[in-house]
Amino acid sequence: MIRAEGLVKEFTRPVRRTGPLAGVRSLLTRERVTTRAVDGVSFTVDRGELVGYLGPNGAGKSTTIKMLTGVLVPTAGTVEVDGRVPWRDRTRNARGIGVVFGQRTQLWHDLPLRDSFELVAKLYGLDQPDYQRALGRFTELLDLHEFLDTPVRGLSLGQRMRGDLTAAMLYGPPLLYLDEPTVGLDVVAKARIREFVAETNAVDGTTVVLTTHDLVDVERLCRRVLLIDHGQVLYDGDLAALRRRYVPYRDLVVTLAREDDGPLVAPPGTTVVERPRSARDTARVVVFRFDPAQTPTPAVVAAVTAEHEVVDLDVTDPDLEAVIAEIYSSGRVRA
Ligand SMILES: Nc1ncnc2c1ncn2[C@@H]1O[C@H](COP(=O)(O)OP(=O)(O)OP(=O)(O)O)[C@@H](O)[C@H]1O
Ligand SMILES: [Mg+2]
């Protein structure tokens, strides 16, 4: 669906000098500085995939998406989207993609949401039955009933985002770009957007490229992630594999029935990490840490419950946030 090779985007601007005659000097010398926002990015996305495009602020994510959508022309490199070169074939490309930039709306501010949708339908040449069917479905899925007749400027952020998603998907594009679709939303609104994205991908087979800083979005939606920083790809692959590479363990968190349950027995393949007691703990909580690739989770659970009287247990995976934070701060992915 998408093939990007050696994508580069540079932005050039005049140098601003300070001091006397600064303006004249920079006019005369025409000194310029160049920022490389995207620095040789290559990847492919298959039809039907849902890929997380992640990276710290300023990494080059939005710039990449703008090149994929045809808004920006790359300084170097090539992109093919469903057989088209996006910036050369902007009209045809626009019909094949849906785009949502969470930071700004694509809708008409003064028009009621419904009228915005009608305009989109006209622009994309949808006939009435198809339009009505799509509108009905998205109104249901995203619960738009209450504010279909509200002008866009009067919508809350969460309502507006749902409107933007509908406008992006009304004409049934096979490819959807989402640049921070959950930014600034409350937990309920975020969950709704995630469900919508998951459904579009699973039911309609829509290919999705998703940029987000919300790692819950990533956990819920993305099997594959592309991590970029300073315009370069640091990692492209399975999210689970990335996590395993950094923290190859899982914790079995156990609440013991009694304070003094005798000496703790760590089954083979596990180590005991006694958790400092928090105000919330009403009983003694013990953590058994193990490598699920070596010792299967059910075996650890069985061994621990055979040795100890347990009132509660929970299996937790290490925090993705910690993994990502380490990659961002070191600027590389461990081999
Ligand atoms: N139009 C522009 N002119 C000059 N520099 C730009 C322009 N657009 C982006 N940049 C620069 O390119 C770099 C990458 O920006 P980009 O918006 O792609 O980052 P991002 O990964 O989307 O970050 P964020 O997570 O903050 O949205 C930044 O250093 C930014 O300042
Ligand atoms: Mg961005």
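**Overall shape, cores and a helix crossing**

The protein comes out with a radius of gyration of 25 Å, whereas a compact globule of 335 residues would sit near 20 Å. This is a predicted model, and its C-alpha trace spans about 80 × 60 × 40 Å along the principal axes. The fold is built from 11 helices and 13 strands. Buried residues account for 45% of the 335 residues. As for how the chain folds back on itself, 72% of the contacts between residues at least 6 apart in sequence join residues at least 24 apart.

Turning to the interior, the largest nonpolar core holds 50 residues, and the members touching the most others are F117, L170, L178, V218, V225, L227 and L242. Helix α6 (residues 157–169) is the top contributor to this core, supplying five residues. L170, one of those well-connected members, is in contact with F117, V120, L126, Y131, A134, L135 and F138, once its neighbours within four places in sequence are set aside. There's also a second, separate core of 26 residues, with M1, L72, V99 and F101 among them.

L242 turns up again in a helix pair: it belongs to the α9 side of the contact with α11. The axes of α9 (residues 239–246) and α11 (residues 320–330) come within 10 Å and cross at roughly 75 degrees; since angles of 65 to 115 count as roughly perpendicular, the two helices are therefore roughly perpendicular to each other. On the α9 side the contact uses L239, L242, R243 and Y246, and α11 answers with L320, V323, I324, E326 and I327. By type, that's seven nonpolar residues, two charged and no polar.

Technical notes
Residues are numbered from 1 along each chain as its sequence is written. Chains are lettered from A and ligands numbered from 1 in the order in which they are written. This is a predicted model: local features need pLDDT of at least 70, side-chain atom pairs count only at pLDDT 80 or more; totals for chains, interfaces and linings use all residues. Side-chain values use heavy atoms; hydrogens and water are left out. Axes are lines fitted to C-alpha atoms, for helices over the stretch in contact, and angles run from 0 to 180 degrees between N-to-C directions. Helices (H or I, at least four residues) and strands (E, at least two) are DSSP runs, numbered from the N terminus. Angles under 35 degrees count as roughly parallel, over 145 as roughly antiparallel, 65 to 115 as roughly perpendicular and the rest as oblique. Contact means heavy atoms within 4.5 Å. Ala, Val, Leu, Ile, Met, Phe, Trp, Tyr, Cys and Pro count as nonpolar, Asp, Glu, Lys and Arg as charged, and the others, Gly among them, as polar. A nonpolar core is a set of buried Ala, Val, Leu, Ile, Met, Phe, Trp, Tyr and Cys residues joined through side-chain atoms within 4.5 Å. Buried means under 20% relative accessible area, exposed over 50%, partly exposed in between (1.4 Å probe, protein chains only). The radius of gyration is taken over C-alpha atoms; the globule rule is 2.2 Å times the number of residues to the power 0.38.
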